[in-house]
Structures are given as structure tokens and as C-alpha cells.
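Morning, everyone. I have one structure to show you today. Let's put it on the screen.

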Amino acid sequence: DYAIITPATWRALRACPLFANLDDKMLEIIASMGKRKLIQPGQQIIKAGDRSNCMYLVCTGVVSCMVGDHEVKKLSSGQSFGDVAVYCDHIYKLHQEHSSFLGDADALDKILTRTADIFGVEVCHLMELSVKDMTSLFPRSPRLVYNVVQVGEAQLDEAVANNSDQARAAKRIISRLHPLVAASFMRGVPSDLTARILDSVTINRRTARVSETLVVAGNTGDSVFLVMSGLFSCRVNGREVRQFAPWQMFGEVSLCASFPELVFKSLSDEDSYDRVSQAVAACSVRTADVVCLEDARVVEISAEKLVTAFDISHQVFLNIFVLAQERFMEAVSRGSIDAILRYQG
């Protein structure tokens, strides 16, 4: 049965760290996806080592989290468990195309297993949320992606501290994942070329603090930024138009403008006079401000460091260019003067 949004359910949703700072509309969507579960005392809900495909929110009652024979914590209303399933599934999908770079053919599968046993302590009402439903909301809610990463990493660290073999294996695998693969740079690129590209690109890792501005509208720049953790606000004329969560990129428009010859190489004959593409090729200035909302780690890559990657596979440039076109038109529609001037020619 699907969850009934009772006052207790609302309190649990609003108290849960996984759903922190989400508006009521998004919470209502999440609740509408949930299935209600009645759990009896002593009933097992999750078994360590099983493949994970859902998470749970405790609406009422208490559950016990066990690693081996050791109880590591109890969870009550407003707390969630199984969140690692959502976090690891997202990583799985980001890297599924190039899993061979993890050094183990089954490596990604291994991060999709439960890290603890969970039992009911007393009668409980739970909300079950499928991984598929949760990840379907990611394009609409970067804040949810940020929360999933924060909570998922914290739960893995806690499980490692409590001697979970599954958590240790997951941490080892996640540490080997490459930022360029995570940000979909390598989508559609053969594995042999991907290996050469990853060896050729030097990446600069940096941190950003709350309220720090990484990109200023009107300034020139040719770097692209990959968000590894944290959350950013993209603002046109002082108004937020979107947010950037982990594993997303920004700065792709001015990066593409550094390679006008590749922009036109990317067009078919009938698109050779496409206005958007010509505007992107001419837009060497930033079209929006990007401000840090939550302390973050980013990878910054300048245009010159991607020359070899683009020479090895034009598909890498195409992956960035497609997104650049979308972001450019978003800037035009939101009133960016720099974008409008270039679009009007």
C-alpha cells in the first residue's frame, strides 16, 4: 500500500536529514512515492549482504541497526536507513559504462549490497522508498542529490567504523572513481580511448566555501568546473535559475567558445548556420554567477588541459557542447545580457 501522509509522516519527513531543506511540494512528491510498512518487534527488515533496491524512513517506532552481533544504534521517527542504497546506485549508474577502470569486473555490483542488519524493536510504521523512484527525482532536485551524498557518505563511514566488510569494499571502489567519468565526459567514448584521455588530463582540485563566488557573469574564462561535493547556485541577474549538485558541471559555455572550430565541426551540414551554436562559439564570457551554497570540493579544468582529450575523441567535446547549448539558451531565456547579445548576433 502506498503511504498515507499523516501528521506523523509529515513530521518524520521534515525531521529527516535526507530531506533537509526540501520544500513541501517535493516532500509531498516523495511521500506519494512511498509504500507503508508495518513492522513487528523482532522482524528483520534488512539483511547485510543482500542487494539493495530501497531505503526506509521511520515514521513511528524504533528499529535496531546491527553489524554482526553488535548493535551500533537505534533509529526512531524522522530517521532513515538504507540511504546508502540510493547513494551507491547513483554512483553505479554514473560509472557503469566504464566499470573496467575500477580494476574489478564486479566492483560496481559490490557497492549495491547492504552493510548492516536492521530489526524492529517495537511496532513500527515505515515508509519504503525505492531507489528507482528516489533517483528519478535527482534532475528536479539538486538539493536532494546533495543530501543523498552527505548522508550516504556519512553512513558508509559509520559502517566502516563498525567493521562492516561491505562498507569497506564500497569505500575502496568509490575512491577509485574518476571525476571525468562521473561528470559524463566519457559517455559514448570507447574504453581504450577513455584510458588515454584520463591519462592525458591534469585536474586541479580545490575547495569552495559558503557564499564564495566561483564564476562571475561578464568575466572571461575558459575553465569548466566539476562538482565533487557541496552545492552551488547559478544566478542570472541576481535570480537563481538552477543549482549544481555533486557530479554536475558548470562553465561549459565559455569552455566551448575556446574551441570555435570544434563547435562548427560538431554541426551537420543543415545545421551549419545554427544561431545557438554560433552564439556559443562567440560567448567567451560567463553568462551567470555561480555561488557556493554548501562547502564544496570541485575539480577545475582549463581549456588548454582538454586539447589532447578532444584530439583523442571528438565525442568528449560533443558531450560538453550539447550541455553548453542547453545552458546558453537557459541564460538567454532568463535575461542574461551577455547571452542575449551574442544570440542576436
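**Two sheets, some helices and a few odd loops**

Start with a pair of residues: Phe232 has Phe244, in strand 12, as its bridge partner. Before going further, remember that this is a predicted model.

Now widen the view around that pair. Strand 11 covers residues 224–236, and strand 12 covers residues 239–244. The two run antiparallel, joined by 5 bridges. Together they make a hairpin with 2 residues between the strands. Look at Asn237 in this hairpin: it takes a positive phi near 55°. Is that the usual sign? Most residues other than glycine have a negative phi. Keep that in mind, as we will meet more cases.

Next, the sheets. Here is an open sheet of 4 strands, in the order 1-8-3-6, with antiparallel pairing. Which strands stand at its edges? Strand 1, residues 35–39, and strand 6, residues 80–81. Each has a single partner strand, so one side of each is left without a neighbour in the sheet. Strands of a sheet pair through backbone hydrogen bonds, either parallel or antiparallel.

Take the edge at strand 1. Strand 1 is joined to strand 8, residues 124–130, by 5 bridges, and these two run antiparallel. To find one of the partners, go to Leu38: its bridge partner in strand 8 is His125. A helix sits on this sheet too. Helix 2, residues 24–33, packs there and touches strand 1 and strand 8. The direction of helix 2 makes about 100° with that of strand 8.

There is another open sheet of 4 strands, with the order 2-7-4-5 and antiparallel pairing. Strand 2 (44–46) and strand 5 (70–75) are at the edges. Each pairs with a single strand, so one side of each has no neighbour in the sheet. How far are neighbouring strands of this sheet turned against each other on average? By 30°, with direction ignored. At the strand 2 edge, 2 bridges join strand 2 to strand 7, residues 117–120, and the two run antiparallel. Ile46 has Ile118 in strand 7 as its bridge partner.

On to the helices. Find helix 9, residues 191–200. Its buried residues are Leu193, Thr194, Ile197 and Leu198. Why do they lie on the same side of helix 9? Because they cover an arc of only 135° around the axis. The general rule helps here. An α-helix has 3.6 residues a turn, so residues three or four places apart point the same way. Now turn helix 9 around. The face turned away from its buried side carries the exposed residues Asp192 and Asp199. And what covers the buried residues? The cover includes helix 8 (179–182), helix 13 (307–312) and helix 14 (314–333).

Stay with helix 14, and bring in helix 15, residues 337–344. Two packed helices are described by the angle between their axes and the distance between the axes. For helix 14 and helix 15, the axes come within 8 Å and cross at roughly 105°. The two helices are therefore roughly perpendicular to each other. Helix 14 makes the contact with Phe328, Met329, Ala331 and Val332. Helix 15 brings Ala339, Ile340, Arg342 and Tyr343. By class, this contact has 7 nonpolar residues, no polar ones and 1 charged.

Back to the loops, and to positive phi. Asn21 is in the loop between helix 1 (7–15) and helix 2. Its phi is near 65°, a positive value in a residue other than glycine. Is Asn21 buried or exposed? Exposed, because its relative accessibility is 62%.

Ser184 is our next stop, in the loop between helix 8 and helix 9. Ser184 has a positive phi of about 70°, although it is not a glycine. With a relative accessible area of 27%, Ser184 is partly exposed.

Another serine to look at is Ser302. Ser302 lies in the loop between strand 14 (289–301) and helix 13. Ser302 counts as buried, at 16% relative accessibility. Leaving out residues up to four places away in sequence, Ser302 touches Asp222 and Ser223.

Last stop: Lys265, in helix 11, residues 260–265. Lys265 is exposed, with a relative accessible area of 55%. How many residues apart in sequence are Lys265 and Ser175? The answer is 90, and in space they are 36 Å apart, C-alpha to C-alpha.

How values were computed:
Residues are numbered from 1 along each chain as its sequence is written. This is a predicted model: local features need pLDDT of at least 70, side-chain atom pairs count only at pLDDT 80 or more; totals for chains, interfaces and linings use all residues. Side-chain values use heavy atoms; hydrogens and water are left out. Buried means under 20% relative accessible area, exposed over 50%, partly exposed in between (1.4 Å probe, protein chains only). The arc is that of the directions from the helix axis to the C-beta atoms. Contact means heavy atoms within 4.5 Å. Axes are lines fitted to C-alpha atoms, for helices over the stretch in contact, and angles run from 0 to 180 degrees between N-to-C directions. Angles under 35 degrees count as roughly parallel, over 145 as roughly antiparallel, 65 to 115 as roughly perpendicular and the rest as oblique. Ala, Val, Leu, Ile, Met, Phe, Trp, Tyr, Cys and Pro count as nonpolar, Asp, Glu, Lys and Arg as charged, and the others, Gly among them, as polar. Two strands pair if DSSP finds at least two bridges between them.
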